[in-house]
There are 4 protein chains.
Amino acid sequence: MTQTTANEAPSETGEASSREWDADSLGRRFEEVRGHTEALAAPLSPEDQTVQSMPDVSPTKWHRAHVTWFFETFLLAEAEQGFAPFQDKYWFLFNSYYETLGPRYARPDRGLVTRPGAHEVGDYRANVDARVRELVDTLDGGSLEKLTPIIELGFHHEQQHQELLLMDIKHVLSRNPLQPVYAGSPVERCEPDRLGWVEVEGGLVEVGHEGPGFSFDNEMPRHRQWLEPYRLADRLATNGEWLAFIADGGYERHELWLSDGWAKVRGEGWSAPLYWSEHDGVWFEHTLNGTWPVNPGLPVAHVSFYEAEAFATWSGKRLPTEAEWEHAVVTDGQGGQHGRDQQVVGNLADGGSFHPRPAQPAPAGSRLRQVHGDCWEWTSSAYHPYPGFHPPEGAIGEYNGKFMSNQMVLRGGCALTPAGHARASYRNFFPHGARWALSGVRLADGGAPA
Amino acid sequence: MTQTTANEAPSETGEASSREWDADSLGRRFEEVRGHTEALAAPLSPEDQTVQSMPDVSPTKWHRAHVTWFFETFLLAEAEQGFAPFQDKYWFLFNSYYETLGPRYARPDRGLVTRPGAHEVGDYRANVDARVRELVDTLDGGSLEKLTPIIELGFHHEQQHQELLLMDIKHVLSRNPLQPVYAGSPVERCEPDRLGWVEVEGGLVEVGHEGPGFSFDNEMPRHRQWLEPYRLADRLATNGEWLAFIADGGYERHELWLSDGWAKVRGEGWSAPLYWSEHDGVWFEHTLNGTWPVNPGLPVAHVSFYEAEAFATWSGKRLPTEAEWEHAVVTDGQGGQHGRDQQVVGNLADGGSFHPRPAQPAPAGSRLRQVHGDCWEWTSSAYHPYPGFHPPEGAIGEYNGKFMSNQMVLRGGCALTPAGHARASYRNFFPHGARWALSGVRLADGGAPA
Amino acid sequence: MTQTTANEAPSETGEASSREWDADSLGRRFEEVRGHTEALAAPLSPEDQTVQSMPDVSPTKWHRAHVTWFFETFLLAEAEQGFAPFQDKYWFLFNSYYETLGPRYARPDRGLVTRPGAHEVGDYRANVDARVRELVDTLDGGSLEKLTPIIELGFHHEQQHQELLLMDIKHVLSRNPLQPVYAGSPVERCEPDRLGWVEVEGGLVEVGHEGPGFSFDNEMPRHRQWLEPYRLADRLATNGEWLAFIADGGYERHELWLSDGWAKVRGEGWSAPLYWSEHDGVWFEHTLNGTWPVNPGLPVAHVSFYEAEAFATWSGKRLPTEAEWEHAVVTDGQGGQHGRDQQVVGNLADGGSFHPRPAQPAPAGSRLRQVHGDCWEWTSSAYHPYPGFHPPEGAIGEYNGKFMSNQMVLRGGCALTPAGHARASYRNFFPHGARWALSGVRLADGGAPA
Amino acid sequence: MTQTTANEAPSETGEASSREWDADSLGRRFEEVRGHTEALAAPLSPEDQTVQSMPDVSPTKWHRAHVTWFFETFLLAEAEQGFAPFQDKYWFLFNSYYETLGPRYARPDRGLVTRPGAHEVGDYRANVDARVRELVDTLDGGSLEKLTPIIELGFHHEQQHQELLLMDIKHVLSRNPLQPVYAGSPVERCEPDRLGWVEVEGGLVEVGHEGPGFSFDNEMPRHRQWLEPYRLADRLATNGEWLAFIADGGYERHELWLSDGWAKVRGEGWSAPLYWSEHDGVWFEHTLNGTWPVNPGLPVAHVSFYEAEAFATWSGKRLPTEAEWEHAVVTDGQGGQHGRDQQVVGNLADGGSFHPRPAQPAPAGSRLRQVHGDCWEWTSSAYHPYPGFHPPEGAIGEYNGKFMSNQMVLRGGCALTPAGHARASYRNFFPHGARWALSGVRLADGGAPA
Ligand SMILES: [Fe+3]
Ligand SMILES: [Fe+3]
Ligand SMILES: [Fe+3]
Ligand SMILES: [Fe+3]
């Protein structure tokens, strides 16, 4: 693989935007995205949709209402003639974290709110849907163009919450001794296949989003970074490898762990990934497909940064930086035109598996496998602003920027990520100890100064 | 009022039990009690029935399932031919606190269980209902007589949970900024009427249950106790009096409070009873009838023991002991034949008010008002075993005895107590700082050695 | 033993006070008490005197300063001509819990204050000592008489803190792996001797302090109480019996425990009394005499109310009420003239053992052994006000009354209690789970209605 | 300033080590370092030396013992003939965090250990001092050379603890309402002088230690990094500027803060730097020189990363990265031969001020002021391993590497840092919310892609 900074790629130059929105396409995309949320919630009872199983989790019906509130607040309240809120108190109930918009219902208490119920949230959604479509249909071209960025942000925001909805309901259902199934069925037991390595030359590369196509503000600005030559595993680490890690005392050997991670291991009694439990010597895994014996051939999932890091140390390897990851993916031909929200290939939520699958061959012409989908991949990079980053003005400036501390970057998307929401420059982030995202491990090596 | 120890009352001697159960009456009572639970849950949505708003609270559907589990575990599992549980895991899910019966789902996590849903709990109830009726109808007389005590205990157990269900859903709904209404409507604003005092002679009195009629084990054995002459307020303390307490710095003057109570006032920021909130200088109260301005003529409700005690100190009075309360009520002719579960008069849950009402005249021939119903009345007595108390053998021995520490006794029943579940010897109990029971204050005076 | 209410005892009638204070005797007693505190602190280094090993514990030098502050605040500030505090900030630093006197240094932070050091606290003591003696010597008789109660309260207050000082330093030293010795040496290994029972008739008895001689306000008023016939063990429970309790699964059988106690056992991992630790199958006990193998013949010490209650249940017995205890001791001739602070006999701190000893024969004419000294004896009585109790006006009213909730009464004194500070009516009190007082168990039986 | 990567500097090439240790120089340096620790502890009483005012703080006498334990464990136990520990239990008591060496006394409980006292710790120090000197004097040349790295590490370890000792005792004394003084006196009130900016060209630069001279492992390996052109403030931010930040609502405007920082502001009630307190409208600052009105001309100190970041945002600027800081300092001629532990110039602990001072002119030929000493400077860089970093084998590998998460890098040293312990490549690190280090702010700007 020859090192090529992505912005030298010919496809980058002189092209029109890959996506040119008009009222019609915006309206169709709006219905698509909104409908997908409802489809994800459909298998869930009113009771399922109500519960918050830990402070990080939000109830399904809260997600359904909050993404609706997002359109109501950032679009309708700005642009609708004679705007009046659907329900006064919803402003308060469904604001997630925007301090600029005033007080909010306390996040850890979202699961205490029984009304509006799942059905009434449906009414709220229908009302806002109708008003947004009306607005889009009646705006003149100039106004529409001005509002398109916030509408498009609304699409991606709702997609983020589609993934969160699945992550969260997975956690909710995990607390039930009846072991409920959300959807789908497990793959048959299989063994890990051979792990290969992809060499990357590095040098003075560019990372980050630029040009047409959607990205969040945190993916910009595109900037230069120096990378020594390195290599990446061509697939994710597997349950089989994780079982070997456990068997070799992985959770009992302090020398493999960061000090904070070791404190978690001892304090929380970690002895396996989240959702694993041992019965009569056999490890089982709670999944959205039900609870099944751990399948060695599947990617390991629901490990924290600390566990990923300890596993890498045990493996004699390390985690990649986010720049290494992005540069390798782009040069491997799997970033598309960088930053364009073209569809990427992988085991994403549209496939309906709702769980990682064994590694498939890389796309034609590429070498890295499982790049998009399956599991988010922990990197060794802190989630910090890119050089020159400035959040936008106003409430929307709180979307990403204020969370840039105490978190680590993950890359690649997972089996719960909506298609169209994964791209090479996408920066996901969670605290070091978080395990309820569908997070896994891709090993890296090299990268040291000669 | 002449002091008369209750067991000297003529009605006590030589009478048959006030209640003689047979298959028919047991069956009818069973349907009655079971049906009442479902009627109380009827206004509540599946979402309402799912939530646990604090560790002390249980979800409505949990209550509905747990009382069913009680009959299944203590009756069917003992006596049903070829017993098999409705669902294996329900044994684990719906055991409240019986260590003898093995591990249980953690109490503070009851609100995390979305399935069985409200409807499926209904299926569970219907199944157990049918099996219990079948059992009662087919048992021979001797077996029935042997099982009657546990069936009768099941009735009273379910009634206890009927009150808890209402207390708990009141707390759940209180966390909702939309201020939902459970049922009923408020009384019109009124002022407190004159508070009178009832003198009681005391002496060597008897308290506790004895003879026929149902009581819990903690009401026994009946025993002697010495009381100096004392007097009791003839009605409950009112919101009007509480507003005066607040206005006089009640929540700001340490000298009125026990040290532990003062720590609560400061630590929790108490400035009024639970469910009161101030808006633009007006106090509002969340009730099951909705949220309304505090009505001065109504009994104050949802105060802790600490608040009740501080209020009594501020009033220059004190709280009664439980013996003083019971003895006064019995000698006032409102205990019935002590220990018999005859109906007593008062604003209980069957009246459908679901909230305390202004004091009505005392029953004919009596002087104490609001004795049963309206609000539980804090006493100055620790919830300890009566002299000679021994809990029964087996799991059922955990029903009451093990909770006899760190709690204070309340007497009299409240507006959420089912009719038939209030009696003079009944000992309710809560920790000093608990406020989510419908608890109020009756003042006492005297009782000191001459 | 014939039941006799103590106030019928002939020695009670017509006697002058057992203690008539004048300037000379007050001055001598003052020096005695003050000197004893310094003697207790003498073996402790400046470092020892500084540390607070848990929020309940206070540093030695804090105790030394606080009792000095007590005389400065309640005596000198009231009566000294031209009073000026030794150091302004000491008012703030050494006020323990008197809200009436304004803000205080936070109790859990007492161990953070390094200055004044142990030596400077000595200077403070010397200064106040001189001023108090000067005051006592120069007051006219009327003024002296008026101040005598507060001076006498100061003596008893300082004695209370002498015991606390020892309790607290025992805890401090227990946290040191070097196992330091405070003083004294252990008794030789011995076995428990036979436990006998003392029958008490009961009836309408009187308890509480009355008449001349010192008592705290919480020992009054003397009042009547009804007791059914009962019996008390003639000695304390021993380590040998406790080892049998442990061996029989005492800390593993939920059915022996109150629910709150069981929560402590599980939550805190209790498996033996405080200060016991197991090494290679042998139990050791940290004492002020050093760390030694548990001696079966000694009274068990440092158990909580929960443990005492579970042990009693395991023994098929119960704990006595405080009225039973006091009445039995007085009728056994070991209360002296009730309420007079005459010396009682027992293994108290003046003996210098600083640890309980094996039971000795009862005093001539008595049958109960180990009544005073050795270990405080848990009762089954909540620490509540006696009927008719009212705390005094002013700051001194906070001395006892405000602590009358969530605590249980202990009786009898212990090996750390100063001679002259134990009496039949004395009410000590600690929360149910507290273990750092030198608390043990005397079993009771009977007392149930016939 | 022309960008020059430090390793191109001529002084770097072909030179011998700046420090060639022999037995004599090692011995002299050992005495120097060890003596300095004792000199710092000299003004502190035994009580001062005992207290741990929060879990992060260690008692003075613990520091004195722990650095001694370090030599005993890593040097004497390895190399001394017939080694026996001074005291068996000290191995347990004075191990800080080396899991490899077995269990340790719990860190948050270090303040509970009263013995060994301050004087006995002195005995321990004297014993180990003598044995180390004996060892150094008697080793043959080869052995000495082999041990020199660990001895030298011991010097730098002890210097780190010299700074910690001062940080910690400052916190201890801050909890005392008597406002004790450690040493020194404050500078006179002055105003901030003009803040200038130093431009740096950037490019492909090198950072990290290489070559002779001491560094910790975390300063290596030296590696390349790309920097866009940027500029740094030529002095630290001042109290005067911080007062303006406060006056402008700095602690009340959420939009200035990272989300985690805002949670701290609200949760901890931050309204000013640690050690500031307001009395009658005047801000005072607790310092080791006593408590004085905040001096506008002095560098602001004891701010967290969150505050530094919010202040930078408010200023329209940002914090520098650690690479920007190091590269600028080296190219400004203040790094010396990079990585050599030559003396750098600044207000360090040897000056005896024990507090930051107003900015002085830069050294001749340099433009950046206050580079070394005064205050540690927060950077925007997470404390992560440099590319290719591997901790050494064995217990000593725990020295730095395991702490590389959840912390931010600070650069430059402070007024509590020993002379000889500051250098351009030195990486200090603390959690985002830590404030008890002497940490301040140097603003940066630029650095964005063109
Ligand atoms: Fe959102
Ligand atoms: Fe129950
Ligand atoms: Fe005191
Ligand atoms: Fe260290």
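Colleague: Which residue of chain D comes closest to the rotation axis?

Modeller: D:Glu47 does, with its C-alpha at 2.6 Å. Bear in mind that this is a predicted model.

Colleague: What makes the axis between chain D and chain C a two-fold axis?

Modeller: Any two copies of a chain are related by a rotation about an axis and a shift along it. Here the turn is 180° and the shift along the axis is 0.0 Å. Chain D then lies on chain C with an RMSD of 0.0 Å. That is the relation of a two-fold axis.

Colleague: How do you know that the copies meet through the same surface?

Modeller: Of the interface residues of chain D, 100% are also interface residues in chain C, so the surface is the same.

Colleague: How do you know that chain A and chain C do not touch?

Modeller: Contact means heavy atoms within 4.5 Å. No such contact joins chain A and chain C, and their nearest C-alpha atoms are 15 Å apart. Chain B and chain D have no contact either; their closest C-alpha atoms also lie 15 Å apart.

Colleague: What makes B:His66, B:His157 and B:His161 donors of the iron ion (ligand 2)?

Modeller: The cut-off is 2.8 Å from the metal for N, O and S atoms. Each histidine offers NE2, lying 2.2 Å from the iron ion, so they count as donors. Their spacing along the chain is H-x90-H-x3-H. B:His66 sits in helix 2 of chain B and B:His161 in helix 5, so the pair ties together parts 95 residues apart in sequence.

Colleague: Why is B:His161 called buried?

Modeller: Buried means under 20% relative accessible area. B:His161 has 11%, so the term applies. B:His66 has 0% and is buried too.

Methods. Residues numbered from 1 in each chain as written. Chains lettered and ligands numbered in written order. Predicted model: local features only at pLDDT ≥ 70, side-chain atom pairs only at ≥ 80, totals over all residues. Heavy atoms only, no water. Least-squares fit on C-alpha atoms with pLDDT ≥ 70 in both. Donors = N, O, S within 2.8 Å, 3.2 Å for Na, K, Ca; no water. Helix = DSSP H or I, 4+ residues; strand = E, 2+ residues; numbered from the N terminus. Buried < 20%, exposed > 50% of the residue type's maximum accessible area, 1.4 Å probe, protein only.
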